[in-house]
Amino acid sequence: MIENFLPADYVICGLTVVMAVLGLFRGFSGTLGFVLGTIAAAFTGSFGWAYSASFTEVAWQRGAGVLVAALLAFGLVRLVVKKLVNGLLAQ
């Protein structure tokens, strides 16, 4: 079965192992917040880069703005998910 793996399958298996190990240290809410925060940061970065061209054409300014926006999105989503899951599981 493993001989039929594609490169994407190895990436998914690797991410699963990494998330399982991180889950041992962070717990369920921390890991879920990290995963959803990373997804939100990736979407913010990709959309931010595409739409920031109308504001400035200087690459480092666009990159710095997108980095700040992605970090804010990551932090906010991680905080909200962690608090929400901890609040729901406490009940």
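The radius of gyration is taken over C-alpha atoms, and the globule rule is 2.2 Å times the number of residues to the power 0.38. For a compact globule of 91 residues that gives a value near 12 Å, but the chain has 17 Å.

This is a predicted model, in which local features need pLDDT of at least 70, side-chain atom pairs count only at pLDDT 80 or more, and totals for chains, interfaces and linings use all residues. Residues are numbered from 1 along each chain as its sequence is written, and side-chain values use heavy atoms, leaving out hydrogens and water.

The C-alpha trace spans about 45 × 45 × 15 Å along its principal axes. The chain has 2 helices and 0 strands; helices (H or I, at least four residues) and strands (E, at least two) are DSSP runs, numbered from the N terminus.

| Quantity for the chain | Value |
|---|---|
| Buried share of the 91 residues | 18% |
| Share joining residues at least 24 apart, among contacts at least 6 apart in sequence | 57% |
| Carbon and sulfur share of the exposed area of about 6800 Å² | 77% |

Buried means under 20% relative accessible area, exposed over 50%, partly exposed in between (1.4 Å probe, protein chains only). Contact means heavy atoms within 4.5 Å. Areas come from the Shrake-Rupley method with a 1.4 Å probe; for residues, only the protein chains shown count as cover.

Helix α2 covers residues 59–90, and its 32 residues reach 46 Å from first C-alpha to last, close to the 46 Å expected at 1.5 Å a residue. Its buried residues are Arg62, Val66, Ala70, Ala73, Val81 and Val85, and their cover includes α1 (7–51). Val80 also lies in α2 but is exposed, at 52% relative accessible area. Val80 and Gly37 are 43 residues apart in sequence and 9.5 Å apart in space, C-alpha to C-alpha.

Technical notes
Expected span 1.5 Å × (residues − 1).
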